[in-house]
Amino acid sequence: MNAIVEQKTTALAPQTEQELIEVLQSSLYPGAALPSIKLALGYCKAAGLDPMQKPVHIVPMKVSTGEKDNNGWDIKADRDVIMPGIGLYRVQAARTGLYVGMTDPEFGPLKTLKYQIDTWEGNGRDRRKTTADAEIEYPEWCRVTVMRLVDGVPREFSAREYWLENYATKSASSNAPNAMWAKRVYGQIAKCAEAQALRKGFPEAIGSQPTADEMEGKNFEDGHGEPRPKDMGMVDVVQTDTVTKKADPYPQADFDKNLTTWRKVIKKGKTPDEVIATVNSLGAPLSDDQCARIRAIPEELLKEAGTRTGERTGPSTDAPAATYDQVKEKLNSAANIDVLNEAATLIAAVVGPELQAELNALFDTRAEALNA
């Protein structure tokens, strides 16, 4: 059904990859190098993510090259690293179909952090730099609890993160919080706690990579007292002047065999992009033709549902394939779960996220009643 909605919004989106890169470079990632933007775009494409929602961040890092200098020290190199945002964690948890929400952040007692800030005194030639005492109040800790369905029962996964263990300083030689942590004393630690809770509740979907929100402004010293971006250790770097070895493509025989299963999964509510992302994550990437075949499934299901109910199923440029009232009536009149699931395939054809949300809520209510 996402394919139907995309047909109505494509005209507003960039039409080519080059146009999309230009949009990303001028709006979401201003100042980022072109290879870094392409790396972010490739990350989103492989995971079935919308790059316009900025699910990942381009973060400058120091990485180990694996070489040593004349003194035996590791040689570091500046690289842009693609890191997930807290929003991507939420998407990954939601895609499992088991995420059922989270609590509001709970905060511990207020503590006071004392530090020194640079100030200037005097005027003209007499102007000189000095320091002054400063302080800021912060919550000692923050706790967030996420809920996941385990055997059909909501279970809680909590994480408590301490402010002093997470906050970022202005420099490696100062304990003063950087601008973001000073401005968002509660908000920054809340994102850290939420990220940790999501990692605990959905380890198979999220993994262990820290979010860019958690790494905001983190510094380390380069041995000469100078602050540098966070050192991420040894990483694989995509170079623009080398050819990356691609994984073997998804076998067509396996694709044909699994297509029926994927149709059932999409019919139950998964989007084609979610199916594609799951398959690609297993190592053998789908071809463009295979992806197009999966993305065509919602429209096929829609036509099949219309044929069974005797409705006109031909394409129309003047009206949506199904109206809100039509889908609502089908959901309310469904006599069993199978008929209800067929009616649910029409929800995404209704224009407007608010109306779709109402129909999804009605579907949940009717499913509960039919299963009772």
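# A guided tour of the predicted model

Begin by selecting Phe-107, which is partly exposed because its relative accessible area is 32%, between the 20% and 50% limits of that class. The structure on screen is a predicted model, and residues are numbered from 1 along the chain.

**Stop 1: an edge-to-face pair**

Keep Phe-107 on display and add Tyr-186. By the centre-distance rule, there are seven aromatic pairs. In the pair of Phe-107 and Tyr-186, the ring centres are 4.9 Å apart and the planes stand at 90°, so the arrangement is edge-to-face. This pair joins distant parts of the chain: Phe-107 belongs to strand 4 (residues 106–107), whereas Tyr-186 lies in the loop between helix 6 (179–183) and helix 7 (187–201), 79 residues apart. Tyr-186 is also partly exposed, with 38% relative accessibility.

**Stop 2: a stacked pair and its cluster**

Next, select Trp-163 and Tyr-167. Their rings are stacked, at 4.6 Å centre to centre with 10° between the planes. Is this pair of residues, Trp-163 and Tyr-167, buried or exposed? Both are buried. Extend the selection to Tyr-138 and Trp-181, since ring pairs link these two with Trp-163 and Tyr-167 into a cluster.

**Stop 3: a charge over a ring**

Now display Trp-141 together with Arg-160. Arg-160 lies over the face of the Trp-141 ring, at 4.1 Å from the ring centre.

**Stop 4: two residues with positive phi**

Most residues other than glycine have a negative phi. Two exceptions to that tendency deserve a selection of their own. Lys-54 has a phi near 50° and is situated in the loop between helix 3 (34–47) and strand 1 (56–68). With a relative accessible area of 31%, Lys-54 is partly exposed.

Move on to Asp-151, where phi is near 55°, again a positive value in a residue other than glycine. Where does Asp-151 lie? Its place is the loop between strand 7 (141–150) and strand 8 (153–162). Asp-151 is exposed, because its relative accessible area is 79% and the class begins over 50%.

**Stop 5: the surroundings of Thr-96**

Select Thr-96, in the loop between helix 4 (86–95) and strand 3 (99–102). Thr-96 counts as partly exposed, at 23% relative accessibility. Which residues does Thr-96 touch, leaving aside those up to four places away in sequence? They are Phe-202, Glu-204, Ala-205 and Lys-270. Add Leu-149 as well: Thr-96 and Leu-149 are 53 residues apart in sequence, and their C-alpha atoms are 9.9 Å apart in space.

**Stop 6: helix 10 against helix 11**

Finish with helix 10 (residues 272–280), a mostly covered element in which seven of the nine residues are buried. Colour the buried residues of this helix: Pro-272, Glu-274, Val-275, Ile-276, Ala-277, Val-279 and Asn-280.

Then bring in helix 11 (residues 288–295). Two packed helices are described by the angle between their axes and the distance between the axes. Here, helix 10 and helix 11 pack at about 145°, with axes 9 Å apart, and the crossing is right-handed. To view the contact itself, select Pro-272, Asp-273, Val-275 and Ile-276 in helix 10, which meet Cys-291, Ile-294 and Arg-295 in helix 11. By class, this contact comprises five nonpolar residues, two charged residues and no polar ones. Pro-272, Val-275 and Ile-276 thus appear twice at this stop, among the buried residues of helix 10 and among its contacts with helix 11.

Conventions:
Predicted model: local features only at pLDDT ≥ 70, side-chain atom pairs only at ≥ 80, totals over all residues. Heavy atoms only, no water. Buried < 20%, exposed > 50% of the residue type's maximum accessible area, 1.4 Å probe, protein only. Helix = DSSP H or I, 4+ residues; strand = E, 2+ residues; numbered from the N terminus. Phe/Tyr/Trp six-rings, centres within 6.5 Å; stacked < 30°, edge-to-face > 60°. Lys NZ or Arg CZ within 6 Å of the ring centre and 35° of its normal. Axes fitted to C-alpha atoms, helices over the stretch in contact; angles between N-to-C directions. Left-handed = near helix turned anticlockwise from the far one by under 90°. Contact = heavy atoms within 4.5 Å. Nonpolar A, V, L, I, M, F, W, Y, C, P; charged D, E, K, R; others polar.
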